[in-house]
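Please open the structure in your viewer and keep the selection panel at hand, since this tour moves from one group of side chains to the next.

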Amino acid sequence: LPRVDDVKKFLGFAVPVMFVTGATLSVYAVMGWLAAAQSLIIAAAHKVVGGIFQFFAFTGEPMFQVAQALFPHGKAEEIRRFKVILPIMGCILGVVIGAIAVAATLAFPNLFTNEPQVVMESLKVMWPFFFSLMLIIPSRTMQGLVVAEQDLAFYAGLMAVNAVLFAGAVAMFAINSTGPYMIMWWLHVAFYVINNIQFAMRIGQQRKLQTA
C-alpha cells in the first residue's frame, strides 16, 4: 500500500498539472464560446481551424516530455546548456509545424469542409493561426523544463492567471468589436507571446541561481 509520503508526493505533482490542464481547457472553451456566439458559419469555421490547431499543437507534447525525461540532473554546466538548446529546438519545430499546418489548410481546405463560406472564414485567421502554433511549441518546451525543476507552484499559478487574463481580454476587446473572431485569435497569439516571455524569464532566473 502507498504510504502517506507517497500520496503527498503524487498529489504534489498531479494537482498542479491537473490545475494547468483545467486552465488551458478554459482558454479553448472561451474561444469556442465566442465563435459559437457569432454565427453558425464562424462556429463551423472555428470547429475546423480549432480542430486543426489542436491536432498540430499536440506536437508540442513530445517536447514537454523530452524536457523532463532527458533533463540532466548532473553538472550545472550540462543543465544550463540543456536549457538553452531545448527551447531553440522548440522554436524551430514551432515554425516548421506552423508552416505545415497553414500549408495543409490552404492546399486542402475541402478535406475539412465543403462549405465555401466556412472555408473563407477559416482562411481569414491563417496568420494568427500560424503564430499561435509557432509559439505554443516552445512554450510547452519551456513548461517542461520548469516542471523538470519541480517548480510546480509557479507553473500552475502562472497558467491559471494567464487563462483568467485571456478570458478577460476576450470579454473586453473582442466581444463588442467588429471582427471579434479575428481579434480573439490575435489575443490568443498575445497569450502565448506573454507565456513564452514569462517562462523564458523563469528559466533564466533558475540558470542564474545554478551559476551562483
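Begin by selecting Y28, F53, F129 and W185, which ring pairs link into a cluster; the model you are looking at is predicted. Across the structure there are 14 aromatic pairs, and one of them is formed by Y28 and F53, whose rings are tilted at 45° between the planes and lie 6.0 Å apart, centre to centre. Because Y28 belongs to helix α1 (residues 4-38) and F53 to helix α2 (residues 40-57), this pair ties together parts that are 25 residues apart in sequence. Y28 has 18% relative accessibility and so counts as buried, the limit being under 20%, and F53, at 1%, counts as buried too.

Next, colour helix α7, residues 152-174, whose 23 residues reach 32 Å from the first C-alpha to the last, close to the 33 Å expected at 1.5 Å a residue. Which residues of α7 are buried? Among them are L152, Y155, L158, M159, F166 and V170, which you can show as sticks along the helix.

Now turn to the charged side chains, where a search of the whole structure finds five salt bridges. Select R80 and E77, which form a salt bridge with their closest N and O atoms 2.5 Å apart; both residues lie in helix α4 (residues 76-107), three residues apart, or about one turn of the helix. E77 counts as partly exposed, at 48% relative accessibility.

Staying with α4, add K83 and then E149, whose side chains meet in a salt bridge at 2.5 Å, N to O. This pair links distant parts of the chain, with K83 in helix α4 and E149 in the loop between α6 (126-148) and α7, 66 residues apart. Are the two partners buried or partly exposed? E149 is partly exposed, with a relative accessible area of 25%, whereas K83 counts as buried at 3% relative accessibility.

From there, move to D151 and R202, which form a salt bridge with the closest N and O atoms 2.7 Å apart. D151 is in the loop between α6 and α7 and R202 is in helix α8 (residues 180-211), so that this pair, 51 residues apart, again links distant parts of the chain. R202 is partly exposed, with a relative accessible area of 26%, while D151, at 14% relative accessibility, counts as buried.

Keep R202 selected and add F154, because the charged end of R202 also sits over the ring of F154, 4.3 Å from its centre. As a last stop, select R140 and F64, where the charged end of R140 sits over the ring of F64, 4.0 Å from its centre.

How values were computed. Residues are numbered from 1 along each chain as its sequence is written. This is a predicted model: local features need pLDDT of at least 70, side-chain atom pairs count only at pLDDT 80 or more; totals for chains, interfaces and linings use all residues. Side-chain values use heavy atoms; hydrogens and water are left out. Rings of Phe, Tyr and Trp (its six-membered ring) pair if their centres lie within 6.5 Å; planes under 30 degrees apart count as stacked, over 60 as edge-to-face and the rest as tilted. Helices (H or I, at least four residues) and strands (E, at least two) are DSSP runs, numbered from the N terminus. Buried means under 20% relative accessible area, exposed over 50%, partly exposed in between (1.4 Å probe, protein chains only). A charge sits over a ring if NZ of Lys or CZ of Arg is within 6 Å of the ring centre and within 35 degrees of the ring normal. The expected span of a helix is 1.5 Å times one less than its number of residues. A salt bridge is a side-chain nitrogen of Lys or Arg within 4 Å of a carboxyl oxygen of Asp or Glu.
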